[in-house]
Amino acid sequence: MKTLASYLAGRWQTADRDFRILLDPSTEEPLARASSTGADFAAALDWARGTGGPALRALSFGARGEILKSLSKTLRERRAELLDLSRANNGATESDGAFDVDGAGGTLAFYGGLGLALGDRRWLVDGDGLQLARTEAFWTRHALVPKQGAALHVNAFNFPAWGFAEKFACAFLAGVPSIVKPATATALVAHRMVEIVLESGLLPAGALQLVVGATGDLVDRLGAQDVLAFTGSAATARELRGRANLLAASVRVNVEADSLNAAVLGPDAAPGSAPFDAFVRDVAREMTQKAGQKCTAVRRILVPRAHAGAATEALAARLAGVVTGNPADPEVGMGPLATAAQLTDALDGVAELLATADLVAGTGRRADGRGAPAGKGFFLAPTLLASPVPLELTPVHEREVFGPVATVLPYSGTAEEAAQLVAMAGGTLVTSAYSDDPDWLAGLVAGAGAWTGRLYVGSTGAEGFGSGAALPASSHGGPGRAGGGEELGGLRGLAPYLQRVALQGHRGVVDPLAGA
Ligand code: NAP
């Protein structure tokens, strides 16, 4: 069996014990093993801070952008290999794997382009200058300079490729070296990507390191100039962000956690209208893409009571057409959950939801998958529930079931009530709204905007990719339970890795100093 190595302090390092086994979640066959026992994380941090950081800061934004562009191209050339690994280790269908792998390449290329546009600069100017006294002899400007530590990137199991790329692209462009830690259960894709990136020879030494397995004492070694960017469950986030050394040194911590996203059908979107059709198509896809293992997946489906019957029926019919099974079978439209633990957690979650909701489609039990050995594989067929008590604080608003599971919540149709329901989940990554009524949409923004990181509008004629895609030009992250973090959003995504410095003095000195 393949043993995955970590890449730390300039060399590949293999552990000799404490291995976790990586499986094919469709067949439960072992694929590889991973452990970081014995890794010297102090040396890794020294290498990042002492070698990687200075090398990156010596490069302009343009030079860093050029490298990101080349990395994107290099990884695209290995697309087929990465999709194979994604199918084997993540149970991803071709399109699910492409969503992850192509999303990674696109994000690297996007940030490469931003870097090229910034050219020779080594830091960013933030906003305009302002006179502080009677004349320009006292003037202020804000500059954003790279932090001088390391960025530790802890990623979730569901997007091994994109998760690596979206964090790495921003840190790298900002001039900060990365130590990347993929989730162990699905580390094969990220491990191979890092191998490819390092083999390319495009990166300065120390710019990228990889941990497979646990982080040991690495988090406890982070200090004032370091950054922790975490994606995963709210429970792990809570434990990590409370670490004493992070609090004492005010270490920047960016958290992307879980989210009970809502799709909202507007009262004007009657059955047969374009927004209604888009709603049904999008919600079914957002429930089943990557078997619902997306932080941006739709978990709560808000439907005006007048359209609840038609919408539920249309969704159930669409979900019935999704074949669950081993993605190696070309007929399969939805793969398994990633691990046995995820399946157990999802089944427990469905049981919790069913305490206050009714089953509309699915069984709430493990299924056998098409093209998989009987009794093997972590399969759960699409599962649709409906709540008779949408305005009560039931598990539907609190329990994230990380699988192809969502609940219909009938509501009055007013924007105010829709916003109230959106807010009941305590903060979400994305809300999607299907309507052509600008007043109703404005009411939803006014009421729910503070509770969601992104609002995706599916109106007549809109041609978006659906609410599940976190695109590099738009911010990704959400308030409250969703972690309170912010990633991507163009140059905003560099913010965790930069220090804002207010420069004050004579305008003739301050403006050039800021690079304005
Ligand atoms: P998880 O169990 O919290 O794990 C996330 C990552 O944290 C993994 O790499 C895990 O490593 C690591 N980890 C766990 N305990 C740690 C510790 N004590 N110290 C350092 N690292 C630690 O979450 P998950 O099950 O992988 O991911 C599913 C969750 O992520 C869902 O709730 C989903 O909503 C959320 N998610 C959010 C976003 C977003 O952008 N907001 C994106 C994707 C997923 P090991 O694998 O080695 O345990």
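1. Which space in the protein is taken by the ligand? The ligand occupies the largest pocket, where a pocket is an open set of points on a 1 Å grid over the protein atoms alone, with protein on both sides within 12 Å along at least five of seven lines, and a molecule sits in it if more than half of its atoms lie within 2 Å of its grid points.

2. The model is predicted, so that local features need pLDDT of at least 70 and side-chain atom pairs count only at pLDDT 80 or more, while totals for chains, interfaces and linings use all residues. Residues are numbered from 1 along each chain as its sequence is written, and side-chain values use heavy atoms, with hydrogens and water left out.

3. Around the ligand there are 28 residues, and the closest are Asn155, Thr184, Ser233, Thr236 and Glu400 (a residue is counted if one of its heavy atoms lies within 4 Å).

4. Polar side-chain atoms also approach oxygen atoms of the ligand: the distance is 2.7 Å for glutamate 400, 2.9 Å for lysine 181 and 3.4 Å for arginine 20, each a pair of N or O atoms within 3.5 Å. Of the 910 Å² that the ligand exposes when taken alone, the protein buries 83% (Shrake-Rupley method, 1.4 Å probe).

5. Separately, there are four cavities of 30 Å³ or more, a cavity being a set of grid points where a 1.4 Å probe fits but cannot get out. The largest cavity holds about 90 Å³ of space, this volume being the space filled by probe spheres set on the points.

Conventions: A polar contact is a pair of N or O atoms within 3.5 Å; within protein, one must be able to donate a hydrogen and the other to accept it, and residues adjacent in sequence count only if both atoms are side-chain atoms.
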